[in-house]
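Trainee: Please take one part of this model and go through it closely. I would like to start from the inside and then see what is built around it.

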Amino acid sequence: MTPLLALEGVGVDYAGPSRLAPRPAKAVAILTDISFTLDRGETVGLVGESGSGKTTLGRAIVQMVRPTRGRVLWEGVDLAALDERGLRPYRPHLQMVFQDPYEAMNPRLTIRQIIAEPLRLARVPGAECARRVASLLDLVGLDPASLSRMPRELSGGQRQRVGLARALATGPALLVLDEPTSGLDASLQARILNLLRDIQDTSTTSYLFIGHDLAAVSYLARRIIVLWGGHIVEQGPAAVLVATPAHPYTAALLRAAGAGNQDQGPAHTKERPPATRPGGIVTIGCVYARHCPRAQDLCWAEGPPFRARAGGHSVACHYPQDTDQGSA
Ligand SMILES: Nc1ncnc2c1ncn2[C@@H]1O[C@H](COP(=O)(O)OP(=O)(O)OP(=O)(O)O)[C@@H](O)[C@H]1O
Ligand code: SF4
Ligand SMILES: [Mg+2]
């Protein structure tokens with residue numbers, strides 16, 4: 001059966017300055033060779049540290065960022081090959097809840113106008129639009145009095161709910177949830193996660209759930225993709241990745257979460273000085289080699305291929321954690 005969404009070899013380059021390259025001489029690859037599928041009603045988690053490209057990938061899926069390479073197949077149709085006019089019928093089905101809901105809202109619009117915006121764009125008539133806005137507000141647990149308020153008058157949790165209501169307005173088949181609970185206290189996080197579960201219990205909405213914390217993402221996601229430096233390094237069933245991570249970076253992410261460092265990802269990937277191959281030569285091989293405690297000669301010489309394992313699990317590593325080969 002054709003999956004709802006299939007990414008094939010997607011790459012995104014940015015020509016402008018970034019944290020990685022403040023003054024780039026040429027375009028910088030932010031995402032490289034991203035391939036995965038997502039089925040109707042499925043939740044896939046996307047984890048990785050800050051700057052790994054999670055938001056860029058979410059935006060490339062909803063076509064807010066146009067991929068430089070590869071295909072983004074929506075029920076077999078390549079969205080990346082369509083122009084803005086061709087994308088128009090697909091837009092209502094692809095929605096994103098933004099990492100910073102305040103930044104994504106027009107501060108001059110009321111909450112009513114913000115939630116109604118996608119309905120207006122989809123040319124939903126006025127009375128039907130008002131009815132749908134009221135029911136969305138109820139769904140996300142916001143007081144009807146909030147409708148006449150401005151975004152600045154709401155708390156972070158309330159804004160997150162407004163972002164969710166707006167994203168749900170057109171009944172999307174896919175919601176990209178970009179860290180929808182970041183910055184919220186534990187009880188609000190739990191309420192939003194439960195709400196997302198409830199929505200999925202009564203619909204076939206698929207989620208791409210983006211987060212830093214693998215264990216937390218696995219609360220909603222059955223399958224998880226781990227991103228490092230714009231590359232997928234491991235993907236597979238959430239339970240397998242949490243219990244027996246194969247890629248050293250996945251294991252480091254889990255350790256970092258266990259140590260309470262959930263916002264920034266594994267500290268060692270930022271703090272370790274760049275390593276070189278014995279002899280002082282830096283070569284191109286595994287993208288994670290400079291940070292990997294298991295790196296051996298082969299890792300510096302050759303990038304590891306993606307190896308499929310049983311149960312839809314795959315990993316890009318010459319010496320996976322869960323085998324005894326990597327006694328570096
Ligand atoms: N519009 C842009 N132009 C140039 N570079 C960008 C742009 N947006 C993002 N980047 C760069 O792309 C890389 C990936 O950014 P992205 O926001 O996708 O990461 P992320 O994994 O979502 O990080 P975080 O966890 O902090 O949200 C970063 O190095 C970032 O600086
Ligand atoms: S291929 Fe080598 S350097 Fe890369 S993650 Fe695996 S062990 Fe580490
Ligand atoms: Mg992000």
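Trainee: Of the 82 residues in the largest nonpolar core, which touch the most other members?

Mentor: Remember that this is a predicted model. The residues of the core that touch the most other members are L46, I115, A165, L208, F209, I224 and V226. Helix α9, residues 248-258, gives the most to this core, with six residues. For scale, the protein has 328 residues, and buried residues make up 41% of them. There are eleven helices and twelve strands. Of the contacts with a separation of 6 or more, 64% are between residues 24 or more positions apart.

Take I115 first. Leaving aside residues up to four places away in sequence, I115 touches V133, L136, V162, A165, R166 and A169. A165 is in that list, and A165 is also one of the core residues that touch the most other members. I115 belongs to helix α3, where I111, I114, I115, A116 and L119 are buried. An α-helix has 3.6 residues a turn, so residues three or four places apart point the same way. Keep that in mind when you look at the numbers of the buried residues in α3, I111, I114 and I115 among them. These buried residues pack against α4 and α5, the latter being residues 156-168.

Now follow the chain out of α3. After this helix comes R123, with a positive phi near 60°. R123 sits in the loop that links α3 (111-121) to α4 (126-139). Most residues other than glycine have a negative phi. R123 is a residue other than glycine, yet its phi is positive. R123 counts as exposed because it has 7 C-beta neighbours inside 10 Å, and the cut-off for exposed is 12 or fewer.

Compare E179, which is not a glycine and also has a positive phi, of about 45°. E179 is in the loop between β7 (174-178) and α6 (186-201). Is E179 buried or exposed? E179 counts as buried because it has 22 C-beta neighbours inside 10 Å, where the cut-off for buried is 20 or more. A positive phi therefore goes with an exposed residue in the case of R123 and with a buried one in the case of E179.

Back to the core, and to I224 and V226, two more of the residues that touch the most other members. They are found in strand β9, residues 223-228, where six of the six residues are buried. In a regular strand the side chains alternate between the two faces of the sheet. In β9 both faces are covered: R223, I225 and L227 are buried on one side, and I224, V226 and W228 on the other. The two core residues named here, I224 and V226, are on one side together.

What does β9 pair with? Strands of a sheet pair through backbone hydrogen bonds, either parallel or antiparallel, and β9 takes part in pairings of both kinds. With strand β3, residues 43-47, the pairing is parallel and has four bridges. One of the partners can be named: G45 is bridged to I224 in β9. With strand β10, residues 231-237, β9 runs antiparallel, and six bridges join the two. Here the bridge partner of I225 is Q235 in β10. The hairpin of β9 and β10 has two residues between the strands, and G229 takes a positive phi near 55° in this hairpin.

For a contrast, look at an open sheet of four strands with the order β2-β1-β4-β5 and antiparallel pairing. Its edge strands are β2 (28-38) and β5, each of which pairs on one side only. Strands β1 (residues 5-14) and β4 (residues 69-74) are joined over five bridges, with L73 in β4 as the partner of A6. β4 and β5 (residues 77-78) share two bridges: L73 is bridged to D78, and W74 to V77. The hairpin of β4 and β5 has two residues between its strands, and E75 in it has a positive phi near 45°. Helix α1, residues 54-61, lies across β1, β2 and β4 and runs at about 60° to β2.

Terms used. Residues numbered from 1 in each chain as written. Chains lettered and ligands numbered in written order. Predicted model: local features only at pLDDT ≥ 70, side-chain atom pairs only at ≥ 80, totals over all residues. Core = buried A, V, L, I, M, F, W, Y, C linked by C-beta atoms within 7 Å. Contact = placed C-beta atoms within 7 Å. Pairing = 2+ DSSP bridges. Axes fitted to C-alpha atoms, helices over the stretch in contact; angles between N-to-C directions.
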